[in-house]
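Open your viewer, get the selection tool ready and follow along. Each stop gives you something to select and then tells you what is there.

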Amino acid sequence: QLAAVICISDPLREEAKEVLSTLRALGVTNTVMLTGDSYRTAAAIAAQVGVDDFRAGVLPADKAEYVAAMRREGHTVLMVGDGINDAPALKRAHVGIAMGALGSDVAIDAADVVLMDDKPSKIATAIAIARRTIAIARQNVWFAIGVKAAILILAVFGLGTMWMAVFADVGVTVIAVLNAMRALKS
């Protein structure tokens with residue numbers, strides 16, 4: 001379960017509703033807004049953008065504890081924030097995303113990913129790139145293990161050659177690097 005925790009501290013961005021829709025299409029099952037604003041303001045913003053849940057009047061320590069609780073419940077937590085108050089929660093999330101241009105230095109340091117142009121729509125792009133990169137890395141691992149295992153089995157039966165061993169080492173590395181370069185096309 002991928003859950004997104006979003007901290008709202010700036011004026012509401014026009015694309016917020018569209019970003020949440022895109023995140024849902026990518027498999028985010030639970031969106032939560034944490035804000036220091038009053039309950040009334042938070043309820044209005046939550047209804048406007050369509051988050052699944054919200055918490056109002058939240059202090060920095062409460063944000064971090066909420067993220068930790070979501071993790072304990074088995075959620076994979078993606079935290080998005082930009083202020084100094086978001087830094088502890090960004091650090092506790094599986095993936096912390098800070099808005100770089102307007103974000104505080106503390107939030108940027110605590111985050112795993114920094115969006116330098118402050119466009120929340122880039123969150124979906126970051127998720128897509130991460131998923132593609134992980135898929136390519138898994139392909140490389142299984143390819144390398146498969147080739148090395150096959151050559152090891154051949155060697156056990158006396159059918160392996162030195163050239164096969166060289167290919168298993170150098171050749172597989174070159175092929176894995178070339179395959180990994182596909183990630184640059186994202």
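**First stop: a helix residue**

At 39% relative accessibility, D62 counts as partly exposed. You are looking at a predicted model, and D62 sits within helix α3, which covers residues 60-72. Now add N85 to the selection: the two C-alpha atoms are 10.0 Å apart, although D62 and N85 are separated by 23 residues in sequence.

**Second stop: charged partners**

Stay with helix α3 and show side chains. Which residues are linked with E65 in a network of salt bridges? Select R72 and R92, for these two and E65 make up the network. E65 and R72 meet through their side chains, with an N to O distance of 2.6 Å. Between R92 and E65, the closest N and O atoms are 3.7 Å apart, and this pair is a salt bridge too. Color by helix here: R92 belongs to α4 and E65 to α3, so their pairing ties together parts that lie 27 residues apart in sequence.

With a surface switched on, you can check how open each partner is. E65 is partly exposed at 39% relative accessibility, and R92 is likewise partly exposed, at 40%. R72 counts as exposed, because its relative accessibility of 59% is over the 50% cut-off.

Next, select D53 and R55. They form a salt bridge whose closest N and O atoms are 2.6 Å apart. R55 is partly exposed at 33% relative accessibility, and D53 is partly exposed at 28%. The structure holds 6 salt bridges, including the ones you have just visited. Side chains of opposite charge can pair when their charged atoms come close.

**Third stop: the strands**

Switch to a cartoon view and select residues 76-81, which are strand β4. Is this strand mostly covered or mostly open? Mostly covered: 5 of the 6 residues in β4 are buried. Add residues 95-99, strand β5, and you will find β4 and β5 running parallel, joined by 4 bridges. Two of the partners are easy to pick out: L78 is matched with V95 in β5, and G81 is matched with A98 in β5. To follow the chain from β4 to β5, trace it through helix α4, residues 87-92; this β-α-β crossover is right-handed.

Keep β5 selected for a moment. Because 4 of its 5 residues are buried, β5 is largely enclosed by the rest of the structure. Now add residues 113-115, strand β6: β5 and β6 pair in the parallel sense over 3 bridges. A98 turns up again here, with V114 as its bridge partner in β6.

**Fourth stop: the nonpolar cores**

Hide the surface and show the side chains of L23, M33, V51, F54, I97 and I123. These have the most contacts inside the largest nonpolar core, which has 19 residues. To see which elements feed this core, color α1 (16-25), β2 (28-34), α2 (39-49), β4, β5 and α6 (122-156); each supplies at least two of its residues. Then pick L34, M70, A89 and A93, which are among the 15 residues of another core lying apart from the largest one. In soluble globular proteins, nonpolar side chains tend to be buried together.

**Fifth stop: from helix α6 to a nonpolar surface patch**

Select V147, which is placed in helix α6. Buried or exposed: which word fits V147? V147 is buried, because its relative accessible area of 16% falls under the 20% cut-off. Add A165 to the view: its C-alpha lies 9.8 Å from that of V147, with their positions 18 residues apart in sequence.

Finish by turning the surface back on and selecting M162, W163, V166, V170, V174, V177, L178, M181 and L184. Together they form a nonpolar patch on the surface, with about 980 Å² of accessible area. For a closer look at one member, center on L178 in helix α7, residues 162-180. L178 is exposed, because its relative accessible area of 53% is over the 50% cut-off.

Technical notes
Residues are numbered from 1 along each chain as its sequence is written. This is a predicted model: local features need pLDDT of at least 70, side-chain atom pairs count only at pLDDT 80 or more; totals for chains, interfaces and linings use all residues. Side-chain values use heavy atoms; hydrogens and water are left out. Patches are made of residues with over 30% relative accessible area and no salt bridge: like charges are joined within 9 Å, nonpolar side chains (Val, Leu, Ile, Met, Phe, Trp, Tyr) within 5 Å. Accessible areas come from the Shrake-Rupley method with a 1.4 Å probe; for residues, only the protein chains shown count as cover. A salt bridge is a side-chain nitrogen of Lys or Arg within 4 Å of a carboxyl oxygen of Asp or Glu. Buried means under 20% relative accessible area, exposed over 50%, partly exposed in between (1.4 Å probe, protein chains only). Two strands pair if DSSP finds at least two bridges between them. A crossover is right-handed if, with the strands pointing away from the viewer, the path from the first strand over the helix to the second runs clockwise. A nonpolar core is a set of buried Ala, Val, Leu, Ile, Met, Phe, Trp, Tyr and Cys residues joined through side-chain atoms within 4.5 Å.
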